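Here are some worked exercises to try with the sequence and the model side by side. Have a go at each task before you read its solution.

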Amino acid sequence: MSGMNNKKTSKSQKISLRKCTGCGEMKPKKEMIRVIKTDTNEIFVDMTGKKNGRGAYICHSAECFDKARKTKGFERSLKTVISEDIYDSLEKELKGNG
């Protein structure tokens, strides 16, 4: 069965789990922030969680963001090199929306 990353609620509705690129914990998708890379290689925060692009998830925590930045977790997940300018703008965006 392919539902290993999903838990079921009492109404047998699946809860999608995602792994935080900072701490590595599996948490429900709705509790996390999605950072995406579009086809045009733009990287930004997707607060809706529905935009097209390759996504990486992170907890609502400054510690997780800092850890993902230090360990290049976003770069691994998004399969691209991320400049310090982009990290700085992501950090501002996350603090503004978190």
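A residue counts as buried when its relative accessible area is under 20%, as exposed when it is over 50%, and as partly exposed in between. Please keep in mind that this is a predicted model.

**Exercise 1. Getting oriented**

Task: Work out how many helices and strands the protein has, and in what order they run.

Solution. Start with the totals: there are three helices and six strands. Next, walk along the chain from the N terminus, and the elements read β-β-β-β-β-β-α-α-α. Then look at burial: 31% of the 98 residues count as buried. The protein exposes about 6800 Å², and carbon and sulfur atoms supply 48% of that area. Finally, take the contacts with a separation of 6 or more: residues 24 or more positions apart account for 38% of them.

**Exercise 2. The sheet**

Task: Find the order of the strands in the open three-stranded sheet, and say which strands stand at its edges.

Solution. First, the order is S5-S4-S6, and the pairing is antiparallel. Second, the edges belong to strand S5 (43-46) and strand S6 (54-58); each has a single partner strand, so one side of each is left without a neighbour in the sheet. From one strand to the next, the twist averages 30 degrees. Third, zoom in on S4 and S5, whose antiparallel pairing runs over four bridges. Here isoleucine 36 has phenylalanine 44 of S5 as its bridge partner.

Now add the side chains. Aspartate 46 and arginine 34 form a salt bridge, at 3.0 Å from N to O. This pair links distant parts of the chain, with aspartate 46 in strand S5 and arginine 34 in strand S4, 12 residues apart. Both aspartate 46 and arginine 34 are buried.

**Exercise 3. Aromatic rings**

Task: Determine which residues are linked into a cluster by ring pairs, and describe the geometry of the pairs around Phe65.

Solution. A pair of aromatic rings is described by the distance of the centres and the angle of the planes. A search of the whole structure finds three aromatic pairs. One of them joins phenylalanine 65 to phenylalanine 74: the centres are 5.9 Å apart and the planes stand at 50 degrees, a tilted arrangement. How buried are these two rings? Phenylalanine 65 has 4% relative accessibility and therefore counts as buried, while phenylalanine 74 is buried with a relative accessible area of 0%.

Phenylalanine 65 also pairs with tyrosine 87, this time edge-to-face, with 6.4 Å between centres and 75 degrees between planes. Phenylalanine 65 lies in helix H1 (residues 62-70) and tyrosine 87 in helix H3 (residues 84-97), so the pair ties together parts that are 22 residues apart in sequence. Like phenylalanine 65, tyrosine 87 is buried. Putting the steps together, the cluster consists of Phe65, Phe74 and Tyr87.

**Exercise 4. Charges between helices**

Task: Trace the network of salt bridges that includes Arg69.

Solution. Begin with the total, which is four salt bridges. Glutamate 84 meets arginine 69 in one of these, at 2.7 Å from N to O. The two residues are 15 apart in sequence, glutamate 84 in helix H3 and arginine 69 in helix H1. Arginine 69 also forms a salt bridge with aspartate 88, where the closest N and O atoms are 2.7 Å apart. Again the pair links distant parts of the chain: arginine 69 in helix H1 and aspartate 88 in helix H3, 19 residues apart.

Now check the surroundings. Arginine 69 counts as buried because its relative accessibility is 18%. Glutamate 84, at 49%, is partly exposed, and aspartate 88, at 33%, is partly exposed too. The full network links Arg69, Glu84, Asp88 and Glu91.

**Exercise 5. Two loop residues**

Task: Decide whether methionine 32 and threonine 21 are buried or exposed, and list residues that they touch.

Solution. Place methionine 32 first: it lies in the loop between strand S3 (26-28) and strand S4 (33-37). Its relative accessibility is 8%, so methionine 32 counts as buried. Beyond residues up to four places away in sequence, methionine 32 touches residues including Arg18, Cys20, Tyr57 and His60.

Threonine 21 sits in the loop between strand S2 (14-19) and S3. With 13% relative accessibility, threonine 21 counts as buried. Leaving out residues up to four places away, its contacts include Ala56, Ile58, Ala68 and Phe74. Phenylalanine 74 brings you back to the aromatic cluster of Exercise 3.

Conventions:
Residues numbered from 1 in each chain as written. Predicted model: local features only at pLDDT ≥ 70, side-chain atom pairs only at ≥ 80, totals over all residues. Heavy atoms only, no water. Buried < 20%, exposed > 50% of the residue type's maximum accessible area, 1.4 Å probe, protein only. Contact = heavy atoms within 4.5 Å. Areas by Shrake-Rupley, 256 points an atom, 1.4 Å probe, with all protein chains shown as cover. Pairing = 2+ DSSP bridges. Axes fitted to C-alpha atoms, helices over the stretch in contact; angles between N-to-C directions. Phe/Tyr/Trp six-rings, centres within 6.5 Å; stacked < 30°, edge-to-face > 60°. Salt bridge = Lys/Arg side-chain N within 4 Å of Asp/Glu carboxyl O.
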